[in-house]
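Trainee: I am new to this structure. Please take a close look at one part of the chain, and then follow its connections outward in plain terms.

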Amino acid sequence: MSELLSLKDKNFALSGGTGTLGGSIAEYLIKNGAKVLLLGRSEDKLKTKQNELNALVNDSTFIYKVDVMNEKDLTALKNKIKSDFKTLDGLVNLAGGNIPGATLKPDQTIRDIAMGDTQKVVDINLFGTVIPTVILSELMVEQGYGSIVNISSMAAKQSISRVLGYSMAKGAIDIFTKWMANELASKHGDRIRVNAIAPGFFIGNQNKRLLTNEDGTYTERGNSIIKNTPMGRFGDASELNGMVHYLLSEASSFVTGSIFDVDGGFSSFSGV
């Protein structure tokens, strides 16, 4: 592999790395010679994923129990990473998702939404990216390089019904990505970059019940998404890996402040 695309011996931190998409990305990175630092609140989930990944590539995966919403925790984590690894080549912010109380049922109106749950969804999807980015990017400023990859959504680009909090948070992720890209590059040099990926629709643990029935057929919402996706299918988790690789590698050295769609054409299709 060319040096531009090499991830060998680089250190990448992933929040949300025990989920469907994060787990696929973590596996891909270690198979390409990187070390992965998994960040999360559940020690059991972290240990399970670490064992799975180390079984594939020995001593490739390291875990840190941390709340990505807690500044004190993250400052301690920053110091721990510096002590353990000296450098941090990249950060992928995958923490997020939705919760039932913040998702309107088909027969509900906005007056039925649970405001408390909606605020929780905004917090984890927005500040669960903002806080670790601000604090862990200090390592990149010290060393003079690094790549940060945020996770946006199709819900940031157009109105996706029923998921108000998630949509607001992901819309904010887009502007935060652009804002932070400008902040870091203009004040700390052109080797620190911030970009985002906007996945289309992938079936994971959080949205499985929303998109599929118990017999595996698609729900009405699932069928609607497929109808509006030119490729006519949901994405496979592995299909994000190529874009993550590009953005973490030196192949994207002149790319910052951009949001990349990986969506089977969903965002380009008008529905008619």
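Mentor: A term has to be fixed at the start: helices are DSSP runs of H or I with at least four residues, strands are DSSP runs of E with at least two, and both are numbered from the N terminus. The model is a predicted one.

The part to begin with is the loop between helix 2 (43-56) and strand 3, where Asp-59 lies. Asp-59 is not a glycine, yet it has a positive phi of about 55°. With a relative accessibility of 52%, Asp-59 counts as exposed, because the cut-off for exposed is over 50%. Another residue with a positive phi is Arg-162, also not a glycine, with a value of about 80°. Arg-162 sits in the loop between strand 5 and helix 5. Its relative accessible area of 23% makes Arg-162 partly exposed.

From the loop of Asp-59 the next step is to the aromatic residues. Four aromatic pairs turn up in a search of the whole structure. In one of them, Phe-62 and Phe-85, the ring centres are 5.1 Å apart and the planes stand at 75°, so this pair is edge-to-face. Phe-62 belongs to strand 3 (residues 61-65) and Phe-85 to helix 3, so the pair links distant parts of the chain, 23 residues apart. Phe-62 is partly exposed at 26% relative accessibility, whereas Phe-85 is buried at 14%.

Another edge-to-face pair is formed by Tyr-218 and Phe-234, with 5.0 Å from centre to centre and 85° between the planes. Tyr-218 is in the loop between helix 6 (208-211) and helix 7 (220-227), and Phe-234 is in the loop between helix 7 and helix 8 (241-248), 16 residues apart. Tyr-218 is partly exposed, its relative accessible area being 33%. Phe-234, at 9%, is buried.

Helix 3, which holds Phe-85, also leads to the interior. The largest nonpolar core has 28 residues, and those with the most contacts inside it are Leu-37, Leu-39, Leu-77, Ile-81, Leu-88 and Leu-136. Two or more residues of this core come from each of strand 2 (35-40), helix 3 (71-85), helix 4 (115-143), helix 5 (164-188) and strand 6 (192-199). Leaving aside residues up to four places away in sequence, Ile-81 touches Leu-37, Lys-86, Thr-87, Leu-88, Leu-136 and Leu-139. A second core is separate and has 24 residues, including Leu-14, Ile-30, Ala-34 and Phe-202.

Helix 8, which follows the loop of Phe-234, has buried residues as well: Asn-241, Val-244, His-245, Leu-247 and Leu-248. These buried residues pack against strand 1 (11-15), helix 1, strand 4 (90-93), strand 5 (146-151), strand 6 and strand 7. The axis of helix 8 comes within 10 Å of that of helix 1 (residues 20-31), and the two cross at roughly 55°. The two helices are therefore oblique to each other, and the crossing is right-handed. On the helix 1 side the meeting residues are Ser-24, Ile-25, Tyr-28 and Leu-29; on the helix 8 side they are Asn-241, Val-244, His-245 and Leu-248.

One last residue lies in the segment after strand 7 (259-262), namely Ser-270. Ser-270 is exposed, with a relative accessible area of 61%. From C-alpha to C-alpha it is 9.8 Å from Thr-229, and the two are 41 residues apart in sequence.

Terms used: Residues numbered from 1 in each chain as written. Predicted model: local features only at pLDDT ≥ 70, side-chain atom pairs only at ≥ 80, totals over all residues. Heavy atoms only, no water. Core = buried A, V, L, I, M, F, W, Y, C linked by side-chain atoms within 4.5 Å. Buried < 20%, exposed > 50% of the residue type's maximum accessible area, 1.4 Å probe, protein only. Contact = heavy atoms within 4.5 Å. Phe/Tyr/Trp six-rings, centres within 6.5 Å; stacked < 30°, edge-to-face > 60°. Axes fitted to C-alpha atoms, helices over the stretch in contact; angles between N-to-C directions. Parallel < 35°, antiparallel > 145°, perpendicular 65-115°, else oblique. Left-handed = near helix turned anticlockwise from the far one by under 90°.
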